[in-house]
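Hi,

Here is the structure I promised to pass on. Have a look at it first, and then read on for what turned up when I went through the charged side chains.

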Amino acid sequence: MTAATTQHEHDLSHLLRSPDFQDWRREVTALGGCAAPIHLTGSSRIQDRATGAVLAERDGEILAPCGNRRASVCPACSDRYASDAYHLIRSGIAGGKGVPDTAAQHPRVFITLTAPSFGPVHTRRVTTRGLVAPCGCGDKHHPDDPRIGCALDPDTHDYIGAVLWQAHAGKLWNRFAIRLRRIIAHMLGVKVREFRDHARLSYAKVAEYQRRGLVHFHAVVRLDGPDGPTTPAPAGITAEALHAAIQDAARSVSLLVDRPDGTPLPLGWGRQVDIRPITSTTAAALEEDDGEITDSALAAYVAKYATKGTGKSEATDRPIRDIAHLRHLDLTPHHRRLIETAWELGGHEQYEELNLRRWAHMLGFRGHFLTKSRNYSTTFGAIRGERRTYRLGETLAALDTPAEPGSVLVVNDWHVVQFGHRNEAEREIALGIAERRREQRRTRTERNAR
């Protein structure tokens, strides 16, 4: 038995025997089992807006959720983030939370834009007969083979091109959206500057890391009228026409940057552009037999990717302060090389604005994982505000007061004391609470689906 094991058992025994254990457990349970809570000290009070009378107050120390969206860092907070992302995505597809139900009648498609190739990588391809085809290396890879996605020949793989593409992926999306608006304006027979007088392009996109370490974008794209989802899309632009416009925009958009030696590097999307229509059915399957995608399942599908880390490089979910730290991380040689390349490029003055060393842990990707256009749907802030209002209503109901959430003022004065649990024993119990709650949700979902 090691000293670490002995200390862990001692901490666990001390925690379970502590007179404050039940209070601590209730707080952690209220956070859903947050794996890295924020310890705060201070006070909070609820007072009547009209009279200033204090209805309730509290002081001392409390725990607040860390709010990390990555499942590899905090399963509980990532579940909450995924739930919020689900409602944000689905309301833009089917209506709700300020978006009218009629938005479901607008042209809507689900698209996937991928990164181009920067050199052959290990792959696992299954034939139509269900057989695993040999990789370029000659092996038939198991699904969990860590070599999948790694460069077949690291010496010839274009790591500089891959990192520069990754760093400019967000800008490339912006150019794609601009090009798409221009194409639709041409279809409508109007000038580009008049596009907003006739239509609005609304979208929500999420970035997902492929096993080769590069992102691709999943996006819901919807065409609205000039005032957004409250107005019908212009006549003549169907889902089929939107499909053709997206294909044209994806193939024609490009961005030119320089390599460290000054050689021009054109950046564009990969050859694989997947575009599928969205139906209004509420079937549980993501994909129907005819290739159409359902509202509810699509929202869940997109939300799932919003909580993922960088796939095989999940050990780098936190920023790298010193490149020497790489030797302590469990990474494939391919992902290690991507991080090293991002770090090296970050030292070049010509890439200073890209801030690549800050984003080396994300393999050079500098964008948000989930972004949306202004008129697509609600916001994360609005969803969280609804949750706070609901909880405030519960608190007021428990106080047996006739006050409504809108008639009171909450005054908080909290200061950070510590981040994370005090030891692994607390974290272990918190993770158990999070897993139990997840299993309970899964059971309820299966029961309701029967």
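Let me start with the oddest item: Lys-205 is buried but has no salt bridge. The nearest side chain of opposite charge belongs to Glu-208, and that is 13 Å away. Please keep in mind throughout that this is a predicted model.

Where does Lys-205 lie? It is in strand E6, which covers residues 200-209. As for what surrounds Lys-205, if you leave aside the neighbours within four places in sequence, it is in contact with Trp-173, Phe-217, His-218, Ala-219, Phe-369, Leu-370 and Thr-371. With a salt bridge counted only within 4 Å, Glu-208 at 13 Å is therefore no partner for Lys-205.

Now for the charges that do pair up. Side chains of opposite charge can pair when their charged atoms come close. The count here comes to 13 salt bridges, and I'll go through a few of them.

The one I'd look at first is Arg-438 with Asp-79, where the closest N and O atoms are 2.8 Å apart. This pair links distant parts of the chain: Arg-438 sits in helix H10 (residues 424-449) and Asp-79 in helix H3 (residues 75-94), 359 residues apart. Both ends are partly exposed, Arg-438 with a relative accessible area of 25% and Asp-79 with 22%. There is a third member too, as Asp-79, Arg-438 and Arg-441 are linked in a network of salt bridges.

Next is Arg-147, which forms a salt bridge with Asp-145, the closest N and O atoms being 2.9 Å apart. Are the two partners buried or exposed? Arg-147 is partly exposed, at 35% relative accessibility, whereas Asp-145 is buried, at 13%. The cut-off for buried is under 20%, so Asp-145 falls on the buried side of it.

Asp-274 and Arg-276 also meet through their side chains in a salt bridge, at 3.0 Å from N to O. Here Asp-274 counts as partly exposed, with 24% relative accessibility.

One last residue, for when you are turning the model around: Arg-193. You'll find Arg-193 in the loop between helix H5 (169-188) and E6, and E6 is the strand that also holds Lys-205. Arg-193 counts as exposed, with a relative accessibility of 68%, while Lys-205 is buried. The C-alpha atoms of Arg-193 and Ala-103 are separated by 24 Å, and the two residues are 90 apart along the chain.

Cheers

Methods. Residues numbered from 1 in each chain as written. Predicted model: local features only at pLDDT ≥ 70, side-chain atom pairs only at ≥ 80, totals over all residues. Heavy atoms only, no water. Helix = DSSP H or I, 4+ residues; strand = E, 2+ residues; numbered from the N terminus. Buried < 20%, exposed > 50% of the residue type's maximum accessible area, 1.4 Å probe, protein only. Lys, Arg positive; Asp, Glu negative; His and termini not counted. Contact = heavy atoms within 4.5 Å.
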